[in-house]
Amino acid sequence: MTYLIANFKMNPEQQEDMEAWIEKFQASFEGKRAEGIRVVLCPPFVWLPLLQQVVSRDKTGSFGAVRRSASDGGSKQEVLRLGAQDVFWEMRGAYTGEVSPSMLRNIGCEYVIVGHSERRALGETNEIINRKIKAALQAGLKVILAVGEPARTDEAGALDREVGPALEKQLVEALSGISRIKLGNLMVAYEPLWAVGSGIADTPEDALKAALFIRKCVGKATGTRHAQDLPVLYGGSVTSKNAAPFLTEEALNGLLVGGASLDAREFSKIVAMSANRSC
Ligand code: PGA
C-alpha cells in the first residue's frame, strides 16, 4: 500500500476554495487507475465535514473520481480517507478550543497527524505528543507520527552522530508506554525540519536510510518485531517534479505532501505517479 497524505495546513481560507479543490481533484482523477494507494486528505478542522461528504461518497461508490482499472470491471475503489492535522489528548471536558479524538472519529476521520514540526515549533513536546498518540489510538484513530532532525548535515556518518539520536529521542519519547498491538495503527512520516516548506527536499537515498533507522528505533522502543511492517513515509518539499525517486524506494511507503497538495492538479499528479508504482 502506498500512502499519500495531503496536509493542507491552515488552508484554504474560503469554503469555495475548498470546494473548487475537490472539484479539480475529482476531475483530474476521473477514470484513472488507483490500485494499492490510499489518499488521506487532512484539511483544517473547519473543512472536515465538507471533505467527509466526499470521502463517504467514495465509500458508497458514487464518488467516481478514482476507479479501478478496466480489468477490475472499472468498479470504484475506496481510495480516499479523512485525516485531521492535530488532536487533543483528553476525550471530554472543559478544554476551550480543543478537539477530542472521539469527535474526530465521530465526524468520520480515520487518521490524525501528530507531532508535525510546525506544531512542535509552537511548543508541542514529546510528552504532549505521547499523550496525543495514546488518546488517538484509544479512540480508534490511525496515527501519522511526524519526526525529523532540525538541521541538514551532508557529512558522512551524520545519521549515526546527529540525525539518528535526534530521531531516536523523538520516537522513544513519543511512543513511551504504547503497546505492541496498537502499533498496527501507527505510521511514521520522516520529515526533516529543514526540508519542510523550504523548497529543498531530502535525497531519496537519505530518506531511505532514515526510514530503515526509524523502523529499528520503533522496534527497539516498543520491543516488537512488527516494526518491520511499519509504514514510513517521506515528507518535506515534495512536488510532482521530485516525487518519483521517493516512490521507487520500496522501504518508503508513501509521501506526506504539504504545499504541493494545495494545488489539486499538482497533488493529483503525485497521486497518479504513486498509483503507477503500486500497479
Ligand atoms: P511541505 O510540507 O510539503 O510544504 O514541505 C510538508 C508537511 O506539511 O509536513
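**View 1. Tyr190 and Tyr234 are bridge partners, with Tyr234 sitting in strand β7.** This is a predicted model, and we start at the pairing between two of its strands. Strand β6, covering residues 186–190, runs parallel to β7, and 3 bridges link the pair.

**View 2. On its way from β7 to β8, the chain makes a right-handed β-α-β crossover.** The helix in the middle of that path is α8, residues 243–248. As for the strands themselves, β7 and β8 (residues 254–257) also pair in the parallel sense, this time over 2 bridges. Look for Gly235 here: Leu256 of β8 stands opposite.

**View 3. Strand β7 (residues 232–235) is covered on both of its faces.** Val232 and Tyr234 are buried on one side. Flip to the other side and you get Leu233 and Gly235, which are buried too.

**View 4. Helix α1 takes up residues 15–29 and keeps its buried residues on one face.** From first C-alpha to last, α1 reaches 21 Å, close to the 21 Å expected for its 15 residues at 1.5 Å a residue. Its buried set is Met18, Trp21, Ile22, Phe25, Ser28 and Phe29. Seen down the helix axis, these residues fall within an arc of 140 degrees, so they line one face of α1. That fits the usual geometry: an α-helix has 3.6 residues a turn, so residues three or four places apart point the same way.

**View 5. The face of α1 turned away from the buried side carries exposed residues.** They are Glu16, Glu23 and Ala27. Just past the end of α1, keep an eye out for Gly31, with its positive phi of about 80 degrees.

Methods
Residues are numbered from 1 along each chain as its sequence is written. This is a predicted model: local features need pLDDT of at least 70, side-chain atom pairs count only at pLDDT 80 or more; totals for chains, interfaces and linings use all residues. Side-chain values use heavy atoms; hydrogens and water are left out. Helices (H or I, at least four residues) and strands (E, at least two) are DSSP runs, numbered from the N terminus. The expected span of a helix is 1.5 Å times one less than its number of residues. Buried means under 20% relative accessible area, exposed over 50%, partly exposed in between (1.4 Å probe, protein chains only). The arc is that of the directions from the helix axis to the C-beta atoms. Two strands pair if DSSP finds at least two bridges between them. A crossover is right-handed if, with the strands pointing away from the viewer, the path from the first strand over the helix to the second runs clockwise.
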